[in-house]
Amino acid sequence: MRPILKSTIMLMLAGQMTASLAHAESKPELIVYTYDSFAAEWGPAPQIKTAFEKKCDCQLTFVGLDSSLGILARIRLEGDNSPADVILGLDTAQTDIARDAVARHGVDDVAGKLDLPVNLPAWQDLHFVPYDWGYFAFVYDSNTLTAPPASMAELIATPTTDLRIAIQDARSSTPGFGLMLWLKTLYGAEAGAQWRALAPKIATITKGWSESYDLFLNGEVDMVLSYTTSPAYHRVAEDKTHYDYARFDEGHYMQVEVAAMLKNSDQPELARQFLAFLLTPEVQAIIPTSNWMYPAAKNTPLPDGFEVSAKPQGLLLDDALIAEHQQDWLKEWVTALSQ
Amino acid sequence: MPRTLAPSANCALPATLPGLLLVAGLWGFLLLALGALLGVDGGADVAGGAAPIATWFDSRIFDSRTGAILWSATSQALLSALGSLAVAVPASIMLARRYRWFGMRVLRLLVGLAFVIPTTVAASGLLAIWGRQGVINQAIDAVNAVVPEALPMVALPELPTFFGLKAVVLAHIFFNAPLMIRVFLPRILSVPDTHWRLARMMGMTAWQQGRWIEFPAMKPLILPMVGLVFLFCFSSFSLVLMLGGGLRVTTLEVEIYSALRIAFDLPMAVALTLLQVGMALGVLVVLLRLAPRQTSWNQPIMTMRAPCDDILSANNFSLKTLDIFMIAILVLLLIFPLAALAWRGVSGDMLAVLMSAHFWRAMGNSVGIAVASGVLVVGLACVLAETRTQLTLRPISPLTRGIIALLEMGVMVYLVVPAIVMGTAWFILLRGVANVFAVAPFLVLVANVMLGLPVAYRLLIGKWLAMRGRDERSRLAYGLQGWNLRGWRGVRFLTIPLMGREIGLIFGLAMAMSMGDLGVIALFASADFTTLPWLLYQQAGRYRVDEAAVTALMLMLMVSALFALGNGLGKWLARPPSLYYEAHHA
């Protein structure tokens with residue numbers, strides 16, 4: 001058994017090497033690390049690849065990793081030797097941690113191109129280019145929940161028997177981490193106490209988004225932590241209008257998804273070209289119905305039913321602040337919910 | 001002709017060397033993996049988070065919360081293991097007693113299925129029964145709707161919320177009781193006829209029979225199985241989080257995940273992994289020490305027949321009622337959730353899934369890996385079992401004892417090393433050598449073999465030790481006295497016929513476990529290579545719940561088919577050897 005296995009591996013390796021040699025001879029290759037659902041055949045990646053390859057005379061390769069946390073872990077493990085040229089899919093909670101590994105994006109006037117919520121300061125990050133964004137929100141079914149809470153304070157104050165919610169673990173899931181930042185933004189040093197008050201309404205905390213969303217769709221909880229664009233999915237893709245999100249007066253914490261080129265990229269020119277390409281109408285039009293997020297650039301048309309009410313206020317913490325305090329905040333979160 | 005009943009070298013597999021190498025490989029690989037994680041530098045400067053080694057112990061690992069987590073994980077796992085036992089022992093006795101009842105064949109097949117469904121799918125099946133919108137609550141609502149409003153005191157209360165420790169334990173029983181039944185039932189079925197006849201002559205009651213026949217048949221495997229199930233539950237992660245209803249019910253795995261992924265504190269991840277491994281092995285040592293070495297009588301070697309004709313008390317009315325009650329519990333606990341999943345699958349978007357090339361690619365990959373993993377697990381488990389037997393034959397010295405302990409632990413340890421730790425370590429080890437995506441199928445295969453091996457070894461070792469202690473008697477039974485049965489001929493004419501059933505069982509189990517395991521694929525999946533559990537995860541992750549339901553159903557069907565294949569193979573292998581010997585030489 002063993003020798004067969006070994007020789008098969010060797011053969012596969014050899015195949016891999018000749019394949020990459022063949023590429024090297026023909027066209028330059030731009031390697032983009034992203035998360036799985038972006039790279040999947042139903043995600044935005046295949047369309048972006050076709051569009052970009054028409055322009056660049058290169059080969060664009062998306063490598064789909066398990067999550068945005070996976071992208072971060074991968075480039076940290078690979079260090080300076082990473083074969084990746086571009087990382088796409090981190091959000092602003094993670095950017096400061098990756099900052100040392102990336103180069104300046106060099107894209108002109110990013111701030112002028114963006115369509116972020118008006119209450120936020122202009123985009124000033126010199127390393128990361130946003131390509132889409134969304135708001136975290138509690139999604140509910142208007143057939144079963146007629147009076148959702150109108151603010152975070154109201155949610156926290158709701159009597160336990162009236163409402164059961166599902167959220168995600170801040171240690172393993174981006175929305176879960178986002179909710180932790182949301183309460184931190186609203187309550188600062190009081191966040192722990194607010195979590196304790198929220199705790200009795202939490203039916204369960206799942207590892208990832210899909211488990212809690214499944215619980216919600218099966219009627220096990222009244223509300224689930226997700227995105228404001230989740231009801232948009234149900235409206236646009238399924239024609240179901242009874243899902244909505246609870247609009248909170250204090251504003252909604254946001255996820256801004258960004259891309260950047262690695263310092264050690266061997267294709268810096270192509271990488272820059274790709275980053276600029278992300279904000280073109282061509283790519284931006286793909287985003288809403290393939291990634292189910294808001295496109296980042298101005299004047300991108302949205303499909304019918306994607307947006308049925310005005311956007312809420314956005315909340316966003318400084319990424320350096322997050323990087324500095326995340327361990328303490330996570331500890332506070334876990335402690336509050338373990339009691 | 002030697003007439004000793006001691007195991008002779010006659011039908012030995014090639015002695016201990018391959019097994020010892022395997023054990024060394026298992027431990028070496030674990031150390032290599034953990035070493036690789038510790039060897040990565042540069043993490044700290046990007047993260048700005050990793051603490052110097054000296055401060056781990058006081059400030060990080062042994063803070064008060066770690067103690068609470070370990071306590072929570074240990075007590076949950078023990079409760080789950082004992083709960084599974086409490087279901088499996090009476091269920092196995094009942095299933096043996098009522099072997100020929102109508103529909104029992106289907107019940108036996110379905111009962112075995114739960115063990116291998118991806119955990120989060122199974123959790124959703126359980127919720128379809130016990131949850132807020134589950135079958136039971138809907139039935140209660142229906143009853144309450146009929147009850148006239150004039151009689152409010154008759155109205156039934158709804159079930160309390162499902163989430164919490166009870167849900168986790170119930171889910172673990174759902175997974176692991178079937179595994180125990182799979183192991184216990186054949187033990188009862190292979191009790192010699194004479195025992196049953198004796199019981200009949202003496203007019204034993206069902207209780208006495210359980211005390212003197214059925215329980216002793218299961219006894220040697222009870223503690224090892226409790227240990228195995230304990231390990232499964234101790235390191236369960238997504239399921240515990242999903243049903244735990246908060247952070248009070250928790251395991252160390254989520255801390256390890258967070259150390260690797262958010263803090264990027266690899267030394268911390270290694271330390272926590274070692275803590276988890278140490279704790280689990282500690283409990284395992286205690287359980288295995290307590291386990292009796294020998295069966296109270298020699299297990300028969302050939303027959304596996306239903307004892308029902310010989311059981312006098314089987315016709316007793318109250319016993320029949322009790323057994324029907326037990327069947328009802330099994331159906332409620334194990335079959336209903338499966339039925340709910342199957343129903344969702346049937347009413348899901350069947351066409352969309354079955355028409356997608358992606359689905360069939362994933363199915364092909366999963367089946368290929370499952371078969372390869374089944375073959376490897378059977379081979380390796382036999383090698384380990386034979387090595388263990390040979391070691392027992394040697395004069396007992398501290399050295400042999402040590403080696404035996406290393407072997408037993410080395411097999412089990414991979415159950416409690418989190419997939420993400422293993423996957424990250426592989427990535428570090430392979431990154432300079434190979435494209436990890438190109439070797440992904442092999443990584444998934446190795447991970448699945450390591451998952452299946454402990455179970456296979458546990459199922460094999462008891463009977464293997466007994467069988468090798470009775471070579472001579474087996475030869476008499478098969479009419480093979482005087483034949484030269486060295487080497488391969490021994491394997492073919494003694495080992496395979498004697499162990500055929502078990503080999504078939506572990507082959508089926510290993511394939512099924514491999515089919516259902518998400519494991520390391522999350523780290524190495526790519527557009528070119530996915531497996532069925534990963535596809536399921538992807539579908540659920542993009543709102544396609546009805547496609548996911550279909551995929552889950554297909555996965556269950558495939559797993560049943562592989563189980564059946566394993567069983568069939570087992571029956572075929574276990575034919576008495578002289579039959580085919582004569583067929584070849586007539």
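**A core shared between domains, a strand and a bent helix**

In this predicted model, the largest nonpolar core holds 288 residues, of which A:Ile87, A:Val224, A:Ala259, B:Ala171, B:Ala381, B:Ala456 and B:Ile506 touch the most other members. Such a core is a set of buried Ala, Val, Leu, Ile, Met, Phe, Trp, Tyr and Cys residues joined through C-beta atoms within 7 Å, where buried means that 20 or more other C-beta atoms lie within 10 Å of a residue's own, C-beta atoms being placed from the backbone. The core lies between domain 1 (2-133 + 255-295) and domain 2 (134-254 + 311-338) of chain A, because both give residues to it; the domain bounds come from an automatic or database domain assignment.

Residues are numbered from 1 along each chain as its sequence is written, and chains are lettered from A in the order in which they are written. Local features need pLDDT of at least 70 and side-chain atom pairs count only at pLDDT 80 or more, whereas totals for chains, interfaces and linings use all residues.

Among the residues that A:Val224 touches are A:Ile165 and A:Ala166, a contact being C-beta atoms within 7 Å. In strand E5 (residues 165-168) of chain A, A:Ile165 and A:Ile167 point one way and A:Ala166 and A:Gln168 the other, yet all are buried. E5(A) runs parallel to strand E6 (residues 202-206) of chain A, to which four bridges join it, and A:Gln168 has A:Thr206 as its bridge partner there.

In chain B, helix H8 (residues 165-189) has 22 of its 25 residues buried. H8(B) bends by about 30° at B:Phe174, with B:Pro178 following within four residues; the bend is the angle between axes fitted to the seven residues ending there and the seven starting there.

Definitions and conventions:
A residue is buried if 20 or more other C-beta atoms lie within 10 Å of its own, exposed if 12 or fewer, and partly exposed in between; C-beta atoms are placed from the backbone. Two residues are in contact if their C-beta atoms, placed from the backbone, lie within 7 Å. Helices (H or I, at least four residues) and strands (E, at least two) are DSSP runs, numbered from the N terminus. Two strands pair if DSSP finds at least two bridges between them. Lists of a residue's contacts leave out its neighbours within four places in sequence.
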